[in-house]
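Let's take a walk through this structure together, one region at a time. Please keep the viewer open as you read.

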Amino acid sequence: MKKLRVAILGTGNIGTDLLIKIQRSAVLECTLFIGRNLASPGMKVAVGMGVPVSDQSIHAIVKNPDCCDLVFDATSAKDAQVHWPILEKLGKIVVDMTPAKLGELCIPAVNLKESVECQNVNMVTCGGQASIPIAHLIGQTHEDIEYIEVVSSIASRSAGPATRINLDEYIDTTEEGIKLFSKAHKAKAILNLNPAQPCIDMQTTIFAKVKKPNMEALTERIDAVIQAINSYVPGYKLLVPPVYENGRIIIMVKVQGLGDYLPKYAGNLDIINCAGIAVAEEYAKKLEQSESLINWQNG
């Protein structure tokens, strides 16, 4: 199968971890790793792998638009807003790793097939990737959801500069995703950066206030949701199955990373990058099928 050529914009923790994951993919090839500083730690990793690099930011793609078919934007929400009009004009598929909300919000366990019909797919946030599949299940099993609150705790060391710059957008995008996929009337997202040593794994707790809790339906279907996420995030685990306490449904999950660029405690990094890779690989399969169909029609 022909590999899909991808470029990564952003050489921080997210971008560098993506690069390592792409090297394992059977259908993706990183043809350009782009940042602003050739001396950054991420650039050194890319050079060590023999991956072409550039310090020209978005201008590297403008100057050489044939360098890639798909771009992972792993910069910041503010920069992603500048990049998208340029990449759209160049006809590039964009998988946006920032909480910029410019494209279709995507949670692979929920709407992967529909998302790759769009040119720009937004991966929401790490807390959104961890909680929204559960919130979606609550929405499927309950008709009237008054309120959902999501509390994620991550190791402070796993939150790089871009993550800290994007905190306001993180809250806004996570809350919008929860309401979109669960149909809850109100949503609240909280992110705790925990400085404890040794570093903690990512944990996310979902609280839901509903009028008529259906715990039997939730319990019957929760394992299928976990398995669906495990197909692209192996370290995603159910810590506390659905319980009803003090008028709220409570479910807790834990995410441990693969330990590619940062240690395994950085599950927040891993879950959004694994989701982004799942989307890019789905684009690769879709384009391969389209080319096969054209070749078949041309005899």
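In which strand is the place of Ser-153? Ser-153 sits in strand E8, which covers residues 145-155. Before going further, please bear in mind that this is a predicted model.

## Ser-153 and strand E8

With a relative accessible area of 21%, Ser-153 is partly exposed, because a residue has to fall under 20% to be called buried. Setting aside its neighbours within four places in sequence, Ser-153 is in contact with Asn-192, Ile-200, Asp-201, Met-202 and Gln-203.

You can also use Ser-153 as a landmark for a longer view. Leu-18 is 135 residues away from Ser-153 along the chain, and the C-alpha atoms of the two are separated by 22 Å.

## Helix H1

Leu-18 takes us to helix H1, where it is one of the buried residues. The helix runs over residues 13-24, which makes 12 residues. From its first C-alpha to its last, H1 reaches 18 Å, close to the 16 Å expected at 1.5 Å a residue.

Helix H1 is mostly covered, with nine of its 12 residues buried. The buried residues are Ile-14, Gly-15, Thr-16, Asp-17, Leu-18, Leu-19, Ile-20, Lys-21 and Ile-22. As you can see, the list includes Asp-17 and Lys-21.

## Helix H9 and its surroundings

Helix H9 holds 16 residues, 215-230. At 1.5 Å a residue H9 should span 22 Å, and its end C-alpha atoms are 23 Å apart, so the two values agree. There is also a bend in H9, of about 35°, at Arg-221.

Which residues of H9 are buried? They are Met-215, Ala-217, Leu-218, Ile-222, Val-225, Ile-226 and Ile-229. Their cover includes two helices, H5 (108-115) and H6 (126-141), along with strands E11 (236-245) and E12 (248-255).

## How H6 meets H9

Turn next to the packing of H6 against H9: the angle is about 145°, and the axes lie 10 Å apart. The crossing of H6 past H9 is right-handed. On the H6 side, the contact is made by Pro-133, Ile-134, Leu-137, Ile-138, Gln-140 and Thr-141. On the H9 side, the residues are Ala-217, Leu-218, Arg-221, Ile-222, Val-225, Ile-226 and Ile-229. By type, the residues of this contact divide into 10 nonpolar, two polar and one charged.

Arg-221 is thus part of the contact with H6, and it also marks the bend in H9.

## Two other parts of the H9 cover

Helix H5, part of the cover over H9, contains Glu-114. What is the relative accessible area of Glu-114? The value is 48%, so Glu-114 is partly exposed. Glu-104 is 10 residues from Glu-114 in sequence, and their C-alpha atoms are 9.1 Å apart in space.

Strand E12 is where you will find Met-252. Leaving out neighbours within four places in sequence, Met-252 is in contact with Gln-203, Thr-204, Thr-205, Leu-238, Leu-239 and Val-240. Gln-203 may look familiar, as it is in contact with Ser-153 too. Between Met-252 and Lys-113 there are 27 Å from C-alpha to C-alpha, and the two are 139 residues apart in sequence.

## The loop ahead of H6

The loop between strand E7 (120-122) and H6 is home to Thr-125, and Val-124 is found there as well. Is Thr-125 buried or exposed? Its relative accessibility is 3%, so Thr-125 counts as buried. Val-124, at 1%, counts as buried too.

Not counting residues up to four places away in sequence, Thr-125 touches Pro-99, Tyr-170, Thr-173, Thr-174 and Ile-272.

## Backbone details to look at

Most residues other than glycine have a negative phi, and most peptide bonds are trans. Val-124 is not a glycine, yet its phi is positive, at about 60°. Ser-57, also not a glycine, has a positive phi of about 50°. Ser-57 is in the loop between strand E3 (53-54) and helix H3 (59-63), and its relative accessible area of 12% makes it buried.

The peptide bond that joins Gln-197 and Pro-198 is cis, with omega about 0°. Pro-198 has its place in the loop between strand E9 (186-194) and strand E10 (202-210).

Key
Residues are numbered from 1 along each chain as its sequence is written. This is a predicted model: local features need pLDDT of at least 70, side-chain atom pairs count only at pLDDT 80 or more; totals for chains, interfaces and linings use all residues. Side-chain values use heavy atoms; hydrogens and water are left out. Helices (H or I, at least four residues) and strands (E, at least two) are DSSP runs, numbered from the N terminus. The expected span of a helix is 1.5 Å times one less than its number of residues. The bend at a residue is the angle between axes fitted to the seven residues ending there and the seven starting there. Buried means under 20% relative accessible area, exposed over 50%, partly exposed in between (1.4 Å probe, protein chains only). Contact means heavy atoms within 4.5 Å. Axes are lines fitted to C-alpha atoms, for helices over the stretch in contact, and angles run from 0 to 180 degrees between N-to-C directions. A crossing is left-handed if the near helix is turned anticlockwise from the far one by less than a right angle, and right-handed if clockwise. Ala, Val, Leu, Ile, Met, Phe, Trp, Tyr, Cys and Pro count as nonpolar, Asp, Glu, Lys and Arg as charged, and the others, Gly among them, as polar.
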